[in-house]
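Please find below my comments on the model you sent, set out as numbered points for reading beside the coordinates.

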Amino acid sequence: MDDEHEYFKLPYMIHKYSSYSGNYKPENILVKRPTDQLSRWFTDSTTPSQFIMLKLQTTSIVEIIRFGKYMKSHVSDLKKFQVYGGLEEDNLSLLLTAGLKKDNLSETFTLRCQTSEGLTMPVNFIKIVPLQSWGPAYNYTIWYVELLGKNQEDIINSAIHIINLRKEEEAVRILLKHLRRRRYKEAFEALSRESGVQLEGPVQSRLWNALVEMGDYKMAEQIFEEAANGGELDWYMSWQPYTPSWRVLCPCSDAVEERLARPPSPQLPAASDTDTDEPVLNGGESRLGAGAEEDWAESGARPGPRGGHQLVVDPKTGTLYLFGGWNGVRDLDDLWSFDTETERWTLLCRNSRLEGGPQPRSCHKMVFDPVHGKLFTLGRYLDSGQRTPENMMSDLYSYDVATRRWRLECADTAAAGGPPLVFDHQMCIDADAQTIYVFGGRVLPKSNEDPHRLQYSGLYAYHIGAGAWRLLADEHAHAHAPQPRVSHSMLFHPTERRLYIFAGQRNREQLVDMWWWEPGGAARMLCRARSRAPPPPGFTQRATIDPDVGEIYVLSGMSASHDKGGASGVQNSLWVYSLRRRAWACAYSNRTVSAAHPRPRFAHQLVYDPVRKIHYLFGGNPGSCAGSKVRLDDLWALRLSRPAATEVIAVASRAIREAALREMAADPARAPAALHYLRNDVRAVTDIDDPDQRASFEALATLVVCGPGGGVAARALCPRRARTLRRARHDAAPASHLARHLAQVLGAEDSFLEPTQPFEEPCTPPPEEAGSDGDDAPEWEARAARIRLYERLCRYFRPSRVPPQADVMDMVKL
């Protein structure tokens, strides 16, 4: 959407409503009177059919809807509702599913203003449908509604023009499909030539000619295999669910296993809000009572258990680097490397502060620069007793992997124009531009009595070569930018050169929105939980990105929707977000303890090797064992895999050969050839050990030997019989399916069009339709079967209406 136009309040009127009670008329929502108990719309029923429809004064792009409330929380407020929108009141699309909190604060929601293809959606009508109130069996109440968006003439006209072109293209595509199926070749070629609309891609056209027109099954199988090997199935494969495969590289030590075996303790880490004096660190790392238990015995062969640590990967060598963390008793400053080839840990630095490096810390962040082979670390958490003036400076350190030396890059980043001392922030690197980005995090206050102290940090950029900081966005929340937060995720896409920011916490609110930010440009919101279905809000989600496939992976640790701090709220849940389709999918979820999966945890670390396509998980807090000081020290590798293209080729080959055999078996004269084809060709692509394939093969053998049921079989209608049948059913079918489909695509105002008349009988039937009513039925029966097979095979290809790159974020710029 064009950022040159700012959105503003959109005027509207009450168009329709289901009901109202007494003087609580729908017009009351036009005025914001939070102190007037009568100024609201109150329904007279709780039936699901309750609604209120708003009509905008001009066609607009509605981006935000804001609900006002009464000065006190009310039981009839909407706990759950839906918002629909569209250009026509009888053709609306779902824009939002959400609910209001039970308080007196106004709430703002972002509406979906784009189609699944990325086209901007202008609307004339907004329909609000109440689904549930906060009180049982209470009627629904809406106090005030405000719509924000854009209605500038140029962008509205452009959006409507693009949608009309898209509708016209789809209507032409429907006609082309019909003409080709009925063998109206001249009409098909003329419409395709005049409209410039291609029904399908070149591969599908070759497949149609070979399979449907010529009945050459062997050539069709060859075309499909060539297309699959040429990458034509990549779009289909990207929609297939992942199969997670975990492998333990380093199990928990004996000391950790002994602690995990102890009976559960009634005192577990409490998940509190991040605006308290003693915040939850990394989603549950409570620092209260530190030192109450014995310290962990450190081993020289492997890193000890911890949470709130940092783990990064060198994409060139696949080496992992681990630094710092909280072991349940004290902060750590040791630095380790893990060779993924030999699967061995190496201690690089036992005490970094003694070798010119950073002090012990947790809740810090670290990035790896693959160009110069350096680690950069920033931020930490300090207990109240440690917040002395000499400890309150935010330092930035680097570690050279080749020379194994620490270096202080900046003693006080705040004094140099960078962020203040923060924790639970996020940091990522643009290796090509040699720039480090730091966003969010909770600012450690020098004095809690300062009323003007900062709570959250903004977005900063650090240029490694120049050693200079630059503020990109301050700590104040903006409507067109992500709010500063803690416990979020931030990733850099090296190809698109964009920052992606997801989820987090701000005050008492769990954020589950996703933004992308172009450095030097503007921010755009991709999705919000109330309009899409991202992972549930949690305290310790960790995110990675694969720029090659355009996917973001989010591993959640503790869900905010479960009992806080309890075992029921701790789980391993991996979600995948496709940047191309802008859709979420759950790839893995586990709450149980098993040798084949990592124990559910939080305050862990997850990193991704984009070259070898492997995730690595280390440490964390199990949250469900004896003692609040227990941490984990196991290392796991996760590989996500989708079905291979060879599997799809095998399925398609079997379907093609089975269809060829059925066509051969329908002709008694070809029975010997069908039996030979069954023994050799069909058997070659059938897995007899698979029960389903074996049953299908046996059914085909019965078909070849016994024939198609004694000559009584379902037969496809030829065009002449089909027209006769349509005439007989004309009175019973007032509107044809094709007419209704075209009306829906073209957006006709009438709900039902006049019934289409059957095609007139041609004076001279074309050659393919010549003959009596039944003499061409076998040919059309075989053709119908080939068309069904063709449509089945085409499901593996990218639909013609999907852009080649399927990058909907670029389409927004239309």
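The points take up a helix, two backbone angles and a sheet.

1. The model is predicted, so local features need pLDDT of at least 70 and side-chain atom pairs count only at pLDDT 80 or more, while totals for chains, interfaces and linings use all residues. Residues are numbered from 1 along each chain as its sequence is written, and side-chain values use heavy atoms, with hydrogens and water left out.

2. Helix H1 covers residues 153-181 (helices being DSSP runs of H or I with at least four residues, strands runs of E with at least two, numbered from the N terminus). Its 29 residues should span 42 Å, at 1.5 Å times one less than the number of residues, and the end C-alpha atoms are indeed 42 Å apart. Arg183, which follows H1, has a positive phi near 65°.

3. Glu343, although not a glycine, has a positive phi of about 55°, and it lies in the loop between strands S14 (331-339) and S15 (344-349). At 29% relative accessibility Glu343 counts as partly exposed (buried is under 20%, exposed over 50%, partly exposed in between, with a 1.4 Å probe and protein chains only).

4. Asp424 has a positive phi near 55° in the loop between strands S20 (422-423) and S21 (426-430), and at 3% relative accessibility Asp424 counts as buried.

5. Four strands form an open antiparallel sheet in the order S21-S22-S24-S25 (two strands pair if DSSP finds at least two bridges between them). S21 and S25 (468-473) stand at the edges with a single partner strand each, so one side of each has no neighbour in the sheet. Five bridges join S21 to S22 (residues 435-439), and Ile429 stands opposite Ile436 in S22.
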